Number of protein chains: 2
Amino acid sequence: MNEASILAKLPRKHRNLVLGIGDDAAIYRPKANEDLVFTTDLFIEGVHFKSEWNRPPGLSPRSLSHRALARSLSDIAAMGARPQFCLVSLALPKWATEQWIEEFYSGLLNLADQTNTALAGGDLSNAKYFTADVMLAGSVARGKALRRDTARAGDSIYVSGPLGGWRHRESITPRLAEGRKLLGKATACIDISDGLAVDLHRLCLASKASAALDDIPIQEGATLKQALHDGEDYELLYTAPPRTRVAGLRIGVMQKGTPSAITLHGQPLEPLGYDHFRTRT
Amino acid sequence: MNEASILAKLPRKHRNLVLGIGDDAAIYRPKANEDLVFTTDLFIEGVHFKSEWNRPPGLSPRSLSHRALARSLSDIAAMGARPQFCLVSLALPKWATEQWIEEFYSGLLNLADQTNTALAGGDLSNAKYFTADVMLAGSVARGKALRRDTARAGDSIYVSGPLGGWRHRESITPRLAEGRKLLGKATACIDISDGLAVDLHRLCLASKASAALDDIPIQEGATLKQALHDGEDYELLYTAPPRTRVAGLRIGVMQKGTPSAITLHGQPLEPLGYDHFRTRT
């Protein structure tokens with residue numbers, strides 16, 4: 001098996017693209033009055049998933065690729081954007097058999113189809129450890145993308161669903177429809193990838209504001225600590241003016257005061273969460 | 001050192017971007033009548049460069065990042081496009097010190113500045129081996145991008161410079177200006193990343209044509225074999241109608257006949273070159 005034979009099995013064309021896989025670069029023709037949003041996420045064996053996951057009874061290659069793409073889709077959801085296409089770079093170790101690679105792409109293309117995301121290209125290499133880097137492009141009406149630096153004191157804070165229960169989930173469901181419904185209503189938005197406390201801290205830092213939390217909706221079977229500090233929830237966290245009606249669960253209010261300070265029931269809440277770099281400090 | 005402290009040192013804004021580093025996704029506002037082109041290239045320790053290169057007297061972190069970005073820029077050059085922005089994903093092993101990472105970004109930003117490429121975002125993780133994935137976006141007038149599947153029998157074949165001499169070069173110079181000058185003149189174009197024979201084979205396969213080569217321009221100090229089969233040249237390989245005047249060195253002619261067959265002075269030329277997957281077959 002070589003790079004050409006892997007690429008030959010992947011879809012060539014897609015309605016959104018002038019040119020997909022097979023040239024030096026993919027070609028995308030922007031529509032009038034759209035902004036494009038771009039994100040990329042690494043997914044590395046031994047870091048984002050345990051090496052054993054690649055062998056039964058661990059995560060299947062389909063689950064792995066679903067997760068790798070879903071993480072980038074969640075970023076696009078947090079911008080209120082519609083996914084357009086992805087570039088997928090794969091570094092493949094020797095244990096990745098032809099069947100494993102086919103199943104990986106099959107899982108990826110399954111979620112890509114569900115979300116109208118074209119596979120437009122990527123790169124392939126061998127390596128000692130499995131690494132995927134998924135770049136995703138989305139589109140949104142010009143000037144309307146949801147950002148994290150635009151929350152205002154007095155805004156209500158919401159999450160798109162109860163938190164802390166990711167361990168009980170089969171797979172991540174990116175909140176794409178939820179994100180798009182916030183366009184023109186939410187003042188700021190971020191996805192909860194590293195934990196509510198950390199991601200709210202990031203939103204507060206960017207918006208130069210603080211936050212006071214009261215009710216934290218917790219998934220059945222999860223603890224408050226998991227709801228506050230566990231990553232991998234992939235719900236949306238957003239703000240909206242108090243009189244604006246938005247879907248979701250209200251968890252607090254944005255405030256003036258020390259930028260990025262967060263309280264829960266009046267007590268300081270430390271922005272602890274999942275950080276790959278913690279071990280490097 | 002953590003992810004936030006690395007990102008804090010990188011440039012925040014760029015004229016081409018509505019929003020750069022620091023949100024869930026970067027925002028790019030397309031101009032009227034432009035197509036956007038996208039490529040991504042992996043650059044992995046032990047595969048694309050030897051592990052020893054990260055330590056003196058090997059390649060410096062600046063040279064490494066120059067090379068990682070230049071490979072993607074070369075793809076954009078081959079489309080005749082103008083670079084706009086890049087997303088850079090880095091997986092960093094323990095040996096990558098703060099100073100090493102700073103110098104890596106310094107080299108990257110140096111070439112990015114020279115080529116008007118914004119650093120719009122990326123991802124960071126720890127890992128056992130250094131891995132970079134550089135996604136690059138470029139723009140080109142609508143419908144004008146140079147492709148590899150549009151060469152025609154009778155077209156002359158050119159390269160942008162003599163081949164086989166990459167070992168003598170300090171660094172890769174992406175042929176961006178040369179690529180843009182081919183717009184509206186060349187019928188097809190590809191960059192020579194894996195060797196003339198392999199990359200011409202790819203162009204012929206895509207264009208469903210064959211090729212007859214005569215003169216091969218060889219870099220001083222290189223052999224014909226190196227000029228034909230060594231990768232890393234990063235010159236452009238392109239075709240144009242015989243009466244169209246284009247810059248470059250003429251090396252042969254596109255022909256009808258067995259798709260992808262290539263001859264040199266009438267003798268069959270095997271499409272051998274650099275292929276990371278050869279060891280996997």
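Which handedness, left-handed or right-handed, does the crossing of H2(B) and H3(B) have? The exercises below work through this and related points in a predicted model.

**Exercise 1. Describe how H2(B) and H3(B) pack, and give the handedness of their crossing.**

Step 1. Two packed helices are described by the angle between their axes and by the distance between those axes. For H2(B) and helix H3 (residues 98-114) of chain B, the angle is about 45 degrees and the axes are 7 Å apart.

Step 2. Angles from 65 to 115 degrees count as roughly perpendicular and those under 35 degrees as roughly parallel, and the angle found in the previous step therefore makes H2(B) oblique to H3(B).

Step 3. The crossing of H2(B) and H3(B) is right-handed.

Step 4. On the H2(B) side the residues that meet H3(B) include B:Leu64, B:Leu69 and B:Ala70, while among their partners in H3(B) are B:Trp100, B:Phe104 and B:Leu111. Sorted by class, this contact has ten nonpolar, five polar and two charged residues.

**Exercise 2. Characterise helix H2 of chain B by its length, its burial and what follows it.**

Step 1. H2(B), which covers residues 61-78, has 18 residues and reaches 26 Å from its first C-alpha to its last, close to the 26 Å expected at 1.5 Å a residue.

Step 2. Of the 18 residues of H2(B), 16 are buried, so the helix is largely enclosed by the rest of the structure.

Step 3. Just after H2(B) comes B:Gly80, whose phi is positive, at about 75 degrees.

**Exercise 3. Describe the corresponding pair, H2 and H3, in chain A.**

Step 1. Helix H2 (residues 61-78) of chain A and helix H3 (residues 98-114) of chain A have axes that come within 7 Å and cross at roughly 45 degrees; H2(A) and H3(A) are therefore oblique to each other.

Step 2. The crossing of H2(A) and H3(A) is right-handed. Residues of the contact include A:Pro61 and A:His66 of H2(A), together with A:Tyr105 and A:Leu108 of H3(A).

**Exercise 4. How many residues of chain B are in contact with chain A, and which element of chain B gives the most?**

Step 1. The contact joins 57 residues of chain B to 57 residues of chain A.

Step 2. Several elements of chain B each supply at least two residues of the side that touches chain A, among them strand S1 (17-19), H2 and strand S8 (188-191). The element of chain B that gives the most to this side is S3(B), with nine residues.

Step 3. By class, the side of chain B that touches chain A divides into 27 nonpolar, 14 polar and 16 charged residues.

**Exercise 5. Is A:Tyr234 buried or exposed, where does it lie, and what is its phi?**

Step 1. A:Tyr234 is found in the loop between helix H6 (224-229) and strand S10 (236-240) of chain A.

Step 2. A residue counts as buried if 20 or more other C-beta atoms lie within 10 Å of its own; A:Tyr234 has 25 such atoms and is therefore buried.

Step 3. Most residues other than glycine have a negative phi. A:Tyr234, however, has a positive phi, near 60 degrees.

**Exercise 6. Place B:Ala141 in its surroundings.**

Step 1. B:Ala141 lies in strand S6 of chain B and, with 14 C-beta neighbours inside 10 Å, counts as partly exposed.

Step 2. Leaving aside neighbours within four places in sequence, B:Ala141 is in contact with B:Asn33 and B:Glu34. B:Ala141 and B:Arg82, which are 59 residues apart in sequence, are 9.7 Å apart in space, C-alpha to C-alpha.

How values were computed
Residues numbered from 1 in each chain as written. Chains lettered and ligands numbered in written order. Predicted model: local features only at pLDDT ≥ 70, side-chain atom pairs only at ≥ 80, totals over all residues. Axes fitted to C-alpha atoms, helices over the stretch in contact; angles between N-to-C directions. Helix = DSSP H or I, 4+ residues; strand = E, 2+ residues; numbered from the N terminus. Parallel < 35°, antiparallel > 145°, perpendicular 65-115°, else oblique. Left-handed = near helix turned anticlockwise from the far one by under 90°. Contact = placed C-beta atoms within 7 Å. Expected span 1.5 Å × (residues − 1). Buried ≥ 20, exposed ≤ 12 C-beta atoms within 10 Å, placed from the backbone. Nonpolar A, V, L, I, M, F, W, Y, C, P; charged D, E, K, R; others polar.
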